[in-house]
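This briefing sets out selected structural details for use at the bench. Please consult the sequence and the structure shown below while reading the points that follow.

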Amino acid sequence: PVALVSATPSGNILALDNSGNILNSNGKAWQKLGGNLVQVSAGSDTEVWGVNANHAVFKWTGTTWQAMPGSLKQVAVAKGGGLVMGIEWAAPNRVVRWDAATNNWIALVGTPSLVQIAVGSPNHVFGVTATGEIYKLKRPEWTEWRLIKGKLKQISVGQDGTVGGIGTDGNTYLRNDEDVTKE
């Protein structure tokens, strides 16, 4: 049984089983990667990040998991790469973005209290709060979050900005313009 799945635009699939084992598939066979995670996000074949049960952050090097700075609840990678964001563990619900130049996380100012973040591309960043509110980050300012109509408990964003999610009512929804409507 699989507990979580993340796929790259090239079709590489990463999954976590119920024990946190990391599985990788190119669509033909599953291969077990070393390590143990509670959450993984694959933006491309070379941009795969994860978080373990102790909130430690890791990046896949192609052969092993490299420990990265920070302590996160969740990490989200843009499809195709180009942006890595997370929700901090130590500062509950504070959103951060990875800065490769400084090799560290930069906190975003004015962020709503998000419990989940989804990054489809650097221009398509969405998040949800504990009460189900949906927010979209306005770029390039990094400081303005726009409230979107609807209520979701889980959100996913495609590279083209298509948004899908599970509503607070348990139904699945698809973003249509600024409204979230039933599939």
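Ala-15 stands opposite Leu-23 in strand E3. The two strands concerned, E2 (residues 13-17) and E3 (residues 21-25), run antiparallel and are joined by 4 bridges. This is a predicted model, in which local features need pLDDT of at least 70 and side-chain atom pairs count only at pLDDT 80 or more, while totals for chains, interfaces and linings use all residues. Residues are numbered from 1 along each chain as its sequence is written, and side-chain values use heavy atoms, with hydrogens and water left out.

**Sheet E1-E2-E3-E4**

- An open sheet of 4 strands follows the order E1-E2-E3-E4 with antiparallel pairing; strands (E) are DSSP runs of at least two residues, numbered from the N terminus, and two strands pair if DSSP finds at least two bridges between them.
- Strands E1 (2-7) and E4 (30-36) stand at the edges, each with a single partner strand, so one side of each is left without a neighbour in the sheet.
- From one strand to the next, the twist averages 25°, with axes taken as lines fitted to C-alpha atoms and angles running from 0 to 180 degrees between N-to-C directions.

**Gln-74 and Asn-93**

- Gln-74 is placed in strand E8 (residues 65-77) and counts as buried because its relative accessibility is 10%; buried means under 20% relative accessible area, exposed over 50% and partly exposed in between, with a 1.4 Å probe and protein chains only.
- A polar atom of the Gln-74 side chain lies 2.6 Å from the backbone oxygen of Ile-117.
- Leaving aside neighbours within four places in sequence, Gln-74 is in contact (heavy atoms within 4.5 Å) with residues including Gln-39, Val-51, Met-85 and Ile-117.
- Asn-93 is found in the loop between strand E9 (84-88) and strand E10 (95-99), and its 18% relative accessibility is why Asn-93 also counts as buried.
- The C-alpha atoms of Asn-93 and Gln-74 are 9.8 Å apart in space, and the residues are 19 apart in sequence.

**Aromatic rings**

- The whole structure holds 4 aromatic pairs, where rings of Phe, Tyr and Trp (its six-membered ring) pair if their centres lie within 6.5 Å, and planes under 30 degrees apart count as stacked, over 60 as edge-to-face and the rest as tilted.
- Trp-98 and Trp-105 have ring centres 5.1 Å apart and planes at 70°, so the pair is edge-to-face.
- Both Trp-98 and Trp-105 are buried, and ring pairs link them with Trp-49 into a cluster.

Note on methods
Polar contact = N/O pair within 3.5 Å; in protein donor to acceptor, adjacent residues only side chain to side chain.
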